[in-house]
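Here are a few worked exercises to go through with the viewer open. Try each task before reading its solution.

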Amino acid sequence: MHNWLGNDGNWIVAGLAAAITVPFLSFAAGMPFWIAAIIALLVFAGLVILLAPRRLFEGLDIKRIGSGRVAFARDLLEAAVPFAERLETAADLIGDKQMAAAVRHLAEIAADVFRKVEAKPESANAVRRFLSYYLPRSAELAEGFAVIEAKRVPDLKQLEEVRGVLVKLEEAFVHYADSLVDEELGTLDTDLRLIQASLKEDIGR
């Protein structure tokens with residue numbers, strides 16, 4: 001879900017590659033400048049396309065799922081992703097190794113939810129509260145923990161309060177991530193009963 005280069009990263013990399021290509025082909029390879037320029041332009045265009053960040057829900061049959069559902073899921077994810085990135089940044093700032101690991105785990109669970117929603121946009125409503133409330137609040141608390149911890153005289157009671165809430169939030173994260181799996185298993189119990197009944201009937205014969 002992360003685009004570490006940012007929206008303009010592919011243009012920058014492509015531009016640098018093209019800029020290097022022209023003098024290399026002109027001077028090192030002895031190629032005419034105009035030919036080197038054309039090749040550099042092709043290199044630039046190719047890299048822009050190759051490095052372009054993958055769009056959300058790319059490759060899904062939007063008509064089958066419904067454009068409204070996909071748009072709803074896309075809006076939720078686009079708003080939620082920055083908070084997962086803030087969790088990772090906060091984890092890097094937290095000195096308490098155990099707490100830093102816990103915050104990174106929250107970011108990992110969030111990424112797992114993102115992947116599942118992207119694979120099945122119609123499930124987005126089941127984790128709407130997670131994406132729009134719990135994830136943003138978790139990022140704010142993790143950043144708050146890092147700020148308190150950075151004080152010359154940290155408020156230990158406040159740190160423990162934040163730590164306790166973050167630990168409870170991990171339970172909420174796991175609950176929502178697993179709820180998407182449970183949704184997939186919704187008909188499993190019924191299927192099992194039907195299969196067992198069929199087997200019993202066939203074996204009984």
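A residue counts as buried when its relative accessible area is under 20%, as exposed over 50%, and as partly exposed in between. Keep that cut-off handy, and keep in mind that this is a predicted model.

**Exercise 1. Is Arg-163 buried or exposed, and which residues beyond its sequence neighbours is Arg-163 in contact with?**

Step 1: find the residue. Arg-163 sits in helix H7, which covers residues 156-184.

Step 2: apply the cut-off. Arg-163 has a relative accessibility of 18%, so it counts as buried.

Step 3: list the partners. With neighbours within four places in sequence set aside, Arg-163 is in contact with Asp-96, Met-99 and Phe-145.

**Exercise 2. Work out what kinds of elements the protein chain has and how much of the chain is buried**.

Step 1: count elements. The protein chain has eight helices and zero strands, so reading from the N terminus gives α-α-α-α-α-α-α-α.

Step 2: look at burial. Of the 205 residues in the protein chain, 30% are buried.

Step 3: check how far contacts reach along the sequence. Take the contacts with a separation of 6 or more: 70% of them join residues 24 or more positions apart.

**Exercise 3. Describe how H4, H5 and H6 pack, one pair at a time**.

A pair of packed helices is described by the angle between the axes and the distance between them.

Step 1: start with H4 and H5. H4 spans residues 67-93 and H5 spans residues 97-119. They pack at about 160 degrees with axes 9 Å apart. Angles over 145 degrees count as roughly antiparallel, so H4 is roughly antiparallel to H5. The crossing is left-handed.

Step 2: see who meets whom. On the H4 side you'll find Ala-73, Leu-77, Ala-80 and Val-81, among others, and on the H5 side the residues include Ala-100, Val-103, Arg-104 and Leu-106. By type, this contact has 14 nonpolar residues, no polar ones and four charged ones.

Step 3: go on to H5 and H6. H6 covers residues 128-149, and H5 packs with H6 at about 160 degrees, with the axes 11 Å apart. The pair is therefore roughly antiparallel, and the crossing is left-handed. From H5, Met-99, Val-103, Leu-106, Ala-110, Val-113 and Phe-114 meet Phe-130, Leu-131, Leu-135, Ser-138, Ala-142 and Phe-145 from H6. Sorted by type, that gives 11 nonpolar residues, one polar and no charged.

Step 4: finish with H4 and H6. Here the angle is about 20 degrees and the axes are 9 Å apart. Angles under 35 degrees count as roughly parallel, so H4 and H6 are roughly parallel. Their crossing is left-handed. H4 contributes residues including Phe-72, Leu-76, Arg-86 and Leu-93, while those from H6 include Arg-128, Pro-136, Glu-140 and Glu-149. The tally for this contact is 15 nonpolar, one polar and five charged.

**Exercise 4. Which residues does Leu-169 touch away from its sequence neighbours?**

Step 1: place the residue. Leu-169 is in helix H7, and a relative accessible area of 10% means it is buried.

Step 2: collect contacts. Outside the four places on either side in sequence, Leu-169 is in contact with Leu-106, Tyr-134, Ser-138 and Leu-141.

Step 3: put a distance on one of these. Ser-138 is 31 residues away from Leu-169 in sequence, and their C-alpha atoms are 7.2 Å apart.

**Exercise 5. Which burial class does Ala-102 fall into, and how far is its C-alpha atom from that of Leu-166?**

Step 1: Ala-102 belongs to helix H5.

Step 2: at 22% relative accessibility, Ala-102 counts as partly exposed.

Step 3: Ala-102 and Leu-166 are 64 residues apart along the chain, with 8.2 Å between their C-alpha atoms.

**Exercise 6. Where does Ser-123 lie, and what does its side chain reach?**

Step 1: Ser-123 is in the loop between H5 and H6.

Step 2: its relative accessibility is 2%, so Ser-123 counts as buried.

Step 3: the Ser-123 side chain reaches the backbone oxygen of Lys-120 at 2.7 Å.

Note on methods:
Residues numbered from 1 in each chain as written. Predicted model: local features only at pLDDT ≥ 70, side-chain atom pairs only at ≥ 80, totals over all residues. Heavy atoms only, no water. Axes fitted to C-alpha atoms, helices over the stretch in contact; angles between N-to-C directions. Helix = DSSP H or I, 4+ residues; strand = E, 2+ residues; numbered from the N terminus. Parallel < 35°, antiparallel > 145°, perpendicular 65-115°, else oblique. Left-handed = near helix turned anticlockwise from the far one by under 90°. Contact = heavy atoms within 4.5 Å. Nonpolar A, V, L, I, M, F, W, Y, C, P; charged D, E, K, R; others polar. Buried < 20%, exposed > 50% of the residue type's maximum accessible area, 1.4 Å probe, protein only. Polar contact = N/O pair within 3.5 Å; in protein donor to acceptor, adjacent residues only side chain to side chain.
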